[in-house]
Amino acid sequence: MRKLFIKIAAGTLASILLIAFAGWIAFVPSAQEPPYAFVAAWGSKGVGEGQFDDPTGIAIAGTQVFVSDARNGRIQVFDLKGRFLRSFGKPGDGPGELSRPMNLTVRGGALYVAEYFNDRIQVFSLDGTPLRIIGRAGSGPGEFNAPGGAGVDGAGAVYVADFYNHRIQKLTGEGTFIRQWGAGAQRTPPPGSSGVSFSYPTDVALAADGRLYVADGYNDRVQVFNSDGTFSHKWGGPFAANISGPFNGWFATVTGIAIGPKGNIFVADFYNGRIQKFTPGGTFLTSFGRRGNGKGELRFPIAVSVAPDGAVFVADYGNNRITKWSPM
């Protein structure tokens, strides 16, 4: 009897180990590229030039790096080596003023700034001149509740991650509502929402082929939509089913997304302290960064942008600095 029990227990254990191994192979992909190398970091907590109080967004325009300095209510601009060039904006809710600027996008010679507390997208020229304001507070069409990021397509339409309204909105460049994806604040899918759901979406990015990539923040995944607005695919952990974790291809809150010059997707994995890189189809390629405040470490990376030469810049929120990385 004892031998039978031992045999059954051994068989059960072997089955469990086999299932675990199969699950690991299926849901934890291996890296296909080497990690990126840490190059430099700049910034510290403060109000002076080159200092930050919660850097929350980053975008590259040519040889210039634009950074959202959230609690200081401004945008700071640097060269690719981190040398301070200029800043613009001040705390407030008027034109040219900012209240917790978040993820940034550069398109057509303009900077699009998602303002979390002002519930709007503000558009600036690259020299800091305010051009126009898109949206207002609310839950109706063309209204926002704490937008986290915006993207712009080739026709000039603006896509907004409407954080507390749990949706993505598409507007004309002047702010006229076109359509939305997601249920909205009441979590009831309205007409035109495509039956898609988000949980606190934080950022969006538009690919050259017109595909829309959404950082579906608290669902711990990326969702992708075709240029005609139909759903394409999603990824992040087992079945992209809101299962967070520290493994390759898994997330612990997605807060920023960017597309590199070769079309690959870079994702800010906030609580895991890293950036992950994927193919457009969602195949895991590599990751870099680890939790901490030293060289090559990140403390709550919140936003990411990629320069034309492939260098990656990260808003290292918890360390009040910007870090630069290069392919190995």
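In this predicted model, residue Q223 has K234 of strand β19 as its bridge partner. Strand β18, residues 221-225, and β19 run antiparallel and are joined by four bridges. Both strands belong to an open sheet of four strands, ordered β16-β17-β18-β19 with antiparallel pairing. The edges of this sheet are formed by β16 (203-206) and β19 (231-235); each has a single partner strand, so one side of each is left without a neighbour in the sheet. From one strand to the next, the twist averages 20°.

The wider chain is described by a few totals. The protein chain contains one helix and 28 strands. It has 328 residues, of which 55% count as buried. Among contacts with a separation of 6 or more, 44% are made by residues 24 or more positions apart.

**Salt bridges**

The whole structure holds 15 salt bridges, including those in the table.

| Acidic residue | Basic residue | Closest N to O distance |
|---|---|---|
| E33 | K277 | 2.9 Å |
| E115 | R120 | 2.6 Å |
| E297 | R290 | 3.4 Å |

The salt bridge between E33 and K277 links distant parts of the chain: E33 lies in the loop between α1 (2-27) and β1 (37-42), whereas K277 belongs to strand β22 (residues 274-278), so the pair ties together parts that are 244 residues apart in sequence. The two partners also differ in burial class. E33 is partly exposed, with a relative accessible area of 27%, while K277 is buried, at 7%.

In the pair E115 and R120, E115 counts as buried because its relative accessibility is 0%, and R120 is buried with a relative accessible area of 7%. E297, the partner of R290, also counts as buried, at 18% relative accessibility. Elsewhere, D54, R71 and R100 are joined into one network by salt bridges that share partners.

**The surroundings of D119**

D119 is located in the loop between β7 (110-115) and β8 (120-125). This residue is buried yet has no salt bridge. Its nearest side chain of opposite charge is that of R120, 9.0 Å away; a salt bridge requires a nitrogen within 4 Å of a carboxyl oxygen, so a pair at a distance over that cut-off does not qualify. R120 is instead paired with E115 in a salt bridge.

A polar atom of the D119 side chain does, however, lie 2.7 Å from the backbone nitrogen of A146. Residues up to four places away in sequence aside, D119 touches G135, R136 and A137, together with F144, N145, A146 and P147. A146 therefore appears both in this set of contacts and in the polar approach to the D119 side chain.

**The surroundings of P301**

P301 lies in strand β26, which covers residues 301-306. With a relative accessibility of 0%, this proline counts as buried. Outside its neighbours within four places in sequence, P301 is in contact with T255, A268, D269, F270, G273, R274, I275, V314 and A315. One of these contacts, G273, is 28 residues from P301 in sequence, yet the two C-alpha atoms are 5.9 Å apart in space. R274 and I275, also among the contacts of P301, fall within the range of strand β22 (residues 274-278), the strand that holds K277.

Definitions and conventions:
Residues are numbered from 1 along each chain as its sequence is written. This is a predicted model: local features need pLDDT of at least 70, side-chain atom pairs count only at pLDDT 80 or more; totals for chains, interfaces and linings use all residues. Side-chain values use heavy atoms; hydrogens and water are left out. Helices (H or I, at least four residues) and strands (E, at least two) are DSSP runs, numbered from the N terminus. Buried means under 20% relative accessible area, exposed over 50%, partly exposed in between (1.4 Å probe, protein chains only). Lys and Arg count as positive and Asp and Glu as negative; His and the chain ends are not counted. A polar contact is a pair of N or O atoms within 3.5 Å; within protein, one must be able to donate a hydrogen and the other to accept it, and residues adjacent in sequence count only if both atoms are side-chain atoms. Contact means heavy atoms within 4.5 Å. Two strands pair if DSSP finds at least two bridges between them. Axes are lines fitted to C-alpha atoms, for helices over the stretch in contact, and angles run from 0 to 180 degrees between N-to-C directions.
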